[in-house]
Amino acid sequence: MPTFQSNKFRGSGDAGKIGMQYRRLMSKHPFVMFGLPFLAVVIAGSFVLTPATAIRYERHDRKVRQMTKEEELGVRRSARKVDMKEEYYRLAGGDLDNWEQKRVKRLPGESDGIL
């Protein structure tokens, strides 16, 4: 028998306390005594917090509303009518009818992509 025991001495007076009974049951049935109550608390918490989260998102949705492109462009009262395709080609810049294909110079030893 070793000089110092690895288990702490527990007197017989402590055996009747609820903590000691729980510890004894925990060593015999860990899932039933710890895992099951833990899972029950997590699931109950999700049921309790779901309505609170829904209320939070509803408040946020009231503040922020998605607008269509036409609404975005017409936010100002005196906004001009805009054709999206025309704006795209205008912002793309340059004359799209007279474009020229240019070959990009490669670095020495770099593949030009042709097999």
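User: What pattern does the chain follow when read along the sequence?

Analyst: In this predicted model, the chain follows the pattern α-α-α-α along the sequence, and its secondary structure comes to four helices and zero strands.

User: What makes Phe34 and Phe38 an aromatic pair, and why is the pair called stacked or edge-to-face?

Analyst: The structure holds one aromatic pair. Its members are Phe34 and Phe38, whose ring centres lie 6.0 Å apart with 15 degrees between the planes. Because centres within 6.5 Å make a pair and planes under 30 degrees apart count as stacked, Phe34 and Phe38 form a stacked pair.

User: Where do Phe34 and Phe38 lie with respect to each other in helix α2?

Analyst: Helix α2 covers residues 30-63, and Phe34 and Phe38 are separated by about one helical turn because they are four residues apart in that helix.

User: How do you know whether Phe34 and Phe38 are buried or exposed?

Analyst: Phe34 has a relative accessibility of 46%, and Phe38 has a relative accessible area of 49%. Since buried means under 20% and exposed means over 50%, with partly exposed in between, Phe34 counts as partly exposed, and so does Phe38.

User: Why is the charged end of Arg56 said to sit over the ring of Tyr57?

Analyst: The charged end of Arg56 is 5.6 Å from the centre of the Tyr57 ring. The term asks for a distance within 6 Å and a position within 35 degrees of the ring normal, so the distance fits the limit, and Arg56 is counted as sitting over the ring of Tyr57.

User: What makes Tyr22 eligible for the nonpolar patch on the surface?

Analyst: Tyr22, in helix α1 (residues 18-28), is partly exposed with a relative accessible area of 37%. Patch residues need over 30%, so Tyr22 passes that cut-off. The patch, whose members also include Phe31, Val42 and Phe47, has about 1000 Å² of accessible area together, and α2 gives the most to the patch, with nine residues.

User: What is recorded for residues 31-55, and how much of that stretch is helix?

Analyst: An unreviewed UniProt entry places the feature "transmembrane region" at residues 31-55. In the model, the chain over residues 31-55 is 100% helix and 0% strand, and the end C-alpha atoms are 35 Å apart.

Technical notes. Residues are numbered from 1 along each chain as its sequence is written. This is a predicted model: local features need pLDDT of at least 70, side-chain atom pairs count only at pLDDT 80 or more; totals for chains, interfaces and linings use all residues. Side-chain values use heavy atoms; hydrogens and water are left out. Rings of Phe, Tyr and Trp (its six-membered ring) pair if their centres lie within 6.5 Å; planes under 30 degrees apart count as stacked, over 60 as edge-to-face and the rest as tilted. Helices (H or I, at least four residues) and strands (E, at least two) are DSSP runs, numbered from the N terminus. Buried means under 20% relative accessible area, exposed over 50%, partly exposed in between (1.4 Å probe, protein chains only). Patches are made of residues with over 30% relative accessible area and no salt bridge: like charges are joined within 9 Å, nonpolar side chains (Val, Leu, Ile, Met, Phe, Trp, Tyr) within 5 Å. Accessible areas come from the Shrake-Rupley method with a 1.4 Å probe; for residues, only the protein chains shown count as cover. A salt bridge is a side-chain nitrogen of Lys or Arg within 4 Å of a carboxyl oxygen of Asp or Glu. UniProt positions are given in the numbering used here, feature names are shortened, and annotations may be inferred rather than shown by experiment.
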